[in-house]
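Got the model open in your viewer? Let's take a walk through it, one selection at a time.

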Amino acid sequence: MATNVIMPSLGLTMTEGTIVRWLVKEGEPVGKGQPLFEVSTDKATIEVEAQTSGILGKILVAAGETAPVTAVIAYITEPGEVVAAASGREKEPEPARPVVAQALELRQLPREPGQRIFISPRAKKAAQEKEIDYSHIQGTGPNGRIVEKDVLAYAALSPAVRVSPLAQKVAAACGVEVGSINGSGTHGKVMKKDVERALIPSAPVLAVKPVSTTRTIPLSGIRRIIAQRMAASSQTAPHVTLTTEVDITETVNLRKQLLPEIERMTGQKLSFNDIIIKVVSRALSEHPMMNATLQENEIHLLEDINIGIAVDAENGLVVPVLKQAHRKSLAEICSESKNLVNKARAGKLLPDDMSGGTFTISNLGMFEIDTFTPIINQPESGILGVGRMVDKPVVVEGQVTVRTMMGLSLSFDHRVIDGAPAARFLQRVKELLEKPLLLII
């Protein structure tokens, strides 16, 4: 008997998944626990294993297509079993007939003089409001009674029944078809000014040569999810971005001193990003409003500080989360962050690796970017953008000297936190980076 292969639920927020590729072809054998296909979720691309052994009999959702969670996407059959070809999708319903087409059926030959017209009170009221002569309507109610939907359908048929007498006279004199005019009166009634406007010749339309394209890229998978989330964040949360410049000369010196010891302990090189994570987690513990989230009508101050690390992976932007960063040493942050970044770039992140973030850091310094406006990774309330490090002359205690400077950009949700508290948080980050020995206090 055939076994259904379903689109798995790989996270609480997952509602659908996109098949990246099938790792087994139709007709090929598959063993239980063998990787069967790759699926792109709202967080990452993940390999899914077969839950039973058999033959991959029929693929219903091809690579590049999307299906909702729990939908049947393929069948695994027993040897020799045949599965009828099925699309896995319901037949599309026939398109509804346009209102105008329905209204054409409501026309009737002229009634006999004095013939009684049966019409419901609601239909009669609708006809009066729309200034329609309902004697021309064929009713669809019991015994040919005119009901409200008949009036509404007939009203959509032609503006001729919604033309003022003066507009009708002007249109007839000028040979203008009122059916092609959009009325500005009540319920779309065509007025004299509408007819006069239609008599004004339109400006010539210049032919525009279409822009040629070399290729098109489908907005699907992770790219589509990124687009949806960034648009939703920008439209939902009122973003405010603060920028500042930091003298990180002392942080550079501290890293040089710690580098060999951290590498001996972890086998990894301590990065500036690791130090920034440590600094930010310390500042968040001192400024809890920046480590908050808005849920319905309540602001929740979060106990754990989980730092998201924006990573430019091959398939797009992913944000693995370093959990409880405020409780970790620099060596632990260095080791765990490298592991998360490596998994991200290899496409091996699990849903748990990307869940629970409370604040995000996005570093574009390696691309020679000074400052930028990062978009908040909701439901978080803040994100810190990190720019490049540049040696430049600055004035220190009245003397011009060369220092290593770096730009920081803090975007925050103004629904949750005001400008002054956000500025104090950024000021504290700046202070800790300029005097990193404060971290040991």
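Start by selecting Arg 428, which counts as buried because its relative accessibility is 17%, under the 20% cut-off for that label. Keep in mind as you click around that this is a predicted model.

**Stop 1: the partner of Arg 428**

Keep Arg 428 on screen and add Glu 286. The two form a salt bridge, and their closest N and O atoms sit 2.7 Å apart. Now colour the helices: Arg 428 belongs to helix α10 (residues 419-434) while Glu 286 belongs to helix α8, so this pair ties together parts that are 142 residues apart in sequence. Is Glu 286 buried or exposed? Neither label fits: Glu 286 is partly exposed, because its relative accessible area is 34%.

Next, add Arg 282 and Glu 431 to your selection. Together with Glu 286 and Arg 428, these residues are linked in a network of salt bridges.

**Stop 2: where α8 meets α9**

Hide the side chains for a moment and show helix α8 (residues 272-286) along with helix α9 (residues 330-345). Their axes come within 9 Å and cross at roughly 120°. That angle makes α8 oblique to α9. As for handedness, the crossing of α8 past α9 is right-handed.

Which residues make the contact? Bring the side chains back and pick these:

- From α8: Asp 274, Ile 275, Ile 277 and Lys 278.
- From α9: Leu 330, Ile 333, Cys 334, Ser 337 and Lys 338.

Try colouring this contact between α8 and α9 by residue class, and you should find 5 nonpolar, 1 polar and 3 charged residues.

**Stop 3: two more salt bridges**

Select Lys 328 and Glu 336. They form a salt bridge too, with 3.9 Å between the closest N and O atoms. Turn on the surface here: Lys 328 is buried, as its relative accessible area is 14%, whereas Glu 336 is partly exposed at 34%.

Then go to Lys 323 and Asp 352, another salt-bridged pair, whose closest N and O atoms are 3.8 Å apart. Lys 323 lies in the loop between β15 (321-322) and α9, and Asp 352 in the loop between α9 and β16 (359-363), so the bridge ties together parts that are 29 residues apart in sequence. With the surface still on, check both ends: Asp 352 counts as exposed at 53% relative accessibility, and Lys 323 is partly exposed at 26%.

If you fancy a hunt, how many salt bridges does the structure hold? The total is 17.

**Stop 4: over to β1**

Jump to Val 5, in strand β1 (residues 3-6). Val 5 is buried, because its relative accessible area is 9%. Now draw a distance from its C-alpha to the C-alpha of Ala 74: Val 5 and Ala 74 are 5.0 Å apart in space but 69 residues apart in sequence. Leaving out residues up to four places away in sequence, Val 5 touches Leu 36, Phe 37, Ala 71, Val 72, Ile 73, Ala 74, Tyr 75 and Ile 76.

**Last stop: zoom out**

Show the whole protein as a cartoon. There are 10 helices and 18 strands to find. Of the 441 residues, 37% are buried. Finally, think about contacts between residues at least 6 apart in sequence: 61% of them join residues at least 24 apart.

Key: Residues are numbered from 1 along each chain as its sequence is written. This is a predicted model: local features need pLDDT of at least 70, side-chain atom pairs count only at pLDDT 80 or more; totals for chains, interfaces and linings use all residues. Side-chain values use heavy atoms; hydrogens and water are left out. Axes are lines fitted to C-alpha atoms, for helices over the stretch in contact, and angles run from 0 to 180 degrees between N-to-C directions. Helices (H or I, at least four residues) and strands (E, at least two) are DSSP runs, numbered from the N terminus. Angles under 35 degrees count as roughly parallel, over 145 as roughly antiparallel, 65 to 115 as roughly perpendicular and the rest as oblique. A crossing is left-handed if the near helix is turned anticlockwise from the far one by less than a right angle, and right-handed if clockwise. Contact means heavy atoms within 4.5 Å. Ala, Val, Leu, Ile, Met, Phe, Trp, Tyr, Cys and Pro count as nonpolar, Asp, Glu, Lys and Arg as charged, and the others, Gly among them, as polar. A salt bridge is a side-chain nitrogen of Lys or Arg within 4 Å of a carboxyl oxygen of Asp or Glu. Buried means under 20% relative accessible area, exposed over 50%, partly exposed in between (1.4 Å probe, protein chains only).
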